[in-house]
Amino acid sequence: MEGVLFCWANQSLPPVRRITVPPGGSSGQHRSAASMSGAAARALPKAVTFVTGNAKKLEEVRAILGSSIPFQSLKLDLPELQGEPEDISKEKARMAASQVNGPVLVEDTCLCFNALKGLPGLNNLLLAYEDKSAFAMCIFSLALGPGEEPMTFVGKTAGKIVPARGPADFGWDPVFQPDGFDQTYAEMPKSVKNQISHRGKALALVKEHFAAANYKVQNDGSA
């Protein structure tokens with residue numbers, strides 16, 4: 001995707017400052033477990049802080065991660081950023097790590113429409129298009145501390161936009177129906193959604209990374 005994107009995210013944003021993030025170039029590409037397999041185990045001063053103020057998002061992350069990664073949650077007032085999704089996620093991780101003074105995990109999620117060439121936005125924009133196909137994208141960025149280059153983990157799930165069905169308590173879940181299913185995210189049992197969702201796929205990469213890196217948490221303040 002190119003240019004400045006507007007993401008329709010699951011998380012509502014408070015009044016914010018807008019900052020344009022310059023492209024990040026080739027640094028901080030997706031990390032896999034294999035890329036860390038030869039590295040020595042690193043001690044983390046405390047459990048990872050997952051930055052979110054969204055109770056539903058936190059509920060899903062806890063259900064997916066279980067006890068695999070010690071983490072605590074914290075709501076931070078970060079500015080709204082404009083730019084490429086991965087660059088935005090990484091910059092938020094840098095800001096959060098500076099505020100927390102420790103390891104952080106941040107998430108950015110958007111629903112992107114193929115008829116609009118991958119541009120995220122509101123589903124009403126699709127009314128003029130026959131092509132209702134879309135994909136949900138989730139980007140987690142992990143910064144191990146202030147001044148550390150964040151690592152990104154991206155999950156995508158293909159699907160289509162449909163008339164709203166199911167509980168309307170979590171963003172655009174009622175209008176997104178993943179390929180291969182006859183239910184929207186909102187209609188699915190949570191266990192099924194978490195296995196196939198964009199968030200579940202991205203967190204699977206995060207778990208893979210932590211298992212390979214074998215981080216040692218000195219102060220497990222997980223919540």
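In which strand does Asp-108 lie? In this predicted model, Asp-108 belongs to strand E6, which covers residues 104-113, and the residue is buried, its relative accessible area being 18%. When neighbours within four places in sequence are left aside, the residues in contact with Asp-108 are Ile-88, Ser-89, Lys-92, Met-137, Cys-138 and Ile-139. Lys-92, one of these contacts, is also joined to Asp-108 through a polar contact between the two side chains, at 3.1 Å.

An unreviewed UniProt entry lists Asp-108, together with Glu-80, under the term "binding site". Although the two positions span 29 residues in sequence, their C-alpha atoms are no more than 11.2 Å apart, and they therefore gather at one spot. Glu-80 is located in strand E5, made up of residues 80-82, and with a relative accessibility of 17% this residue counts as buried because the value falls under the 20% cut-off.

The cysteines Cys-110 and Cys-112 were also examined. Cys-110 is buried, with a relative accessible area of 2%, and Cys-112 is likewise buried, with a value of 0%. The cysteine sulfur closest to that of Cys-112 is the one in Cys-110, at a distance of 3.7 Å; since a disulfide requires the two sulfur atoms to be within 2.5 Å, this separation is too far for a bond. The count of disulfides by this rule comes to 0.

Technical notes: Residues are numbered from 1 along each chain as its sequence is written. This is a predicted model: local features need pLDDT of at least 70, side-chain atom pairs count only at pLDDT 80 or more; totals for chains, interfaces and linings use all residues. Side-chain values use heavy atoms; hydrogens and water are left out. UniProt positions are given in the numbering used here, feature names are shortened, and annotations may be inferred rather than shown by experiment. Helices (H or I, at least four residues) and strands (E, at least two) are DSSP runs, numbered from the N terminus. Buried means under 20% relative accessible area, exposed over 50%, partly exposed in between (1.4 Å probe, protein chains only). Contact means heavy atoms within 4.5 Å. A polar contact is a pair of N or O atoms within 3.5 Å; within protein, one must be able to donate a hydrogen and the other to accept it, and residues adjacent in sequence count only if both atoms are side-chain atoms.
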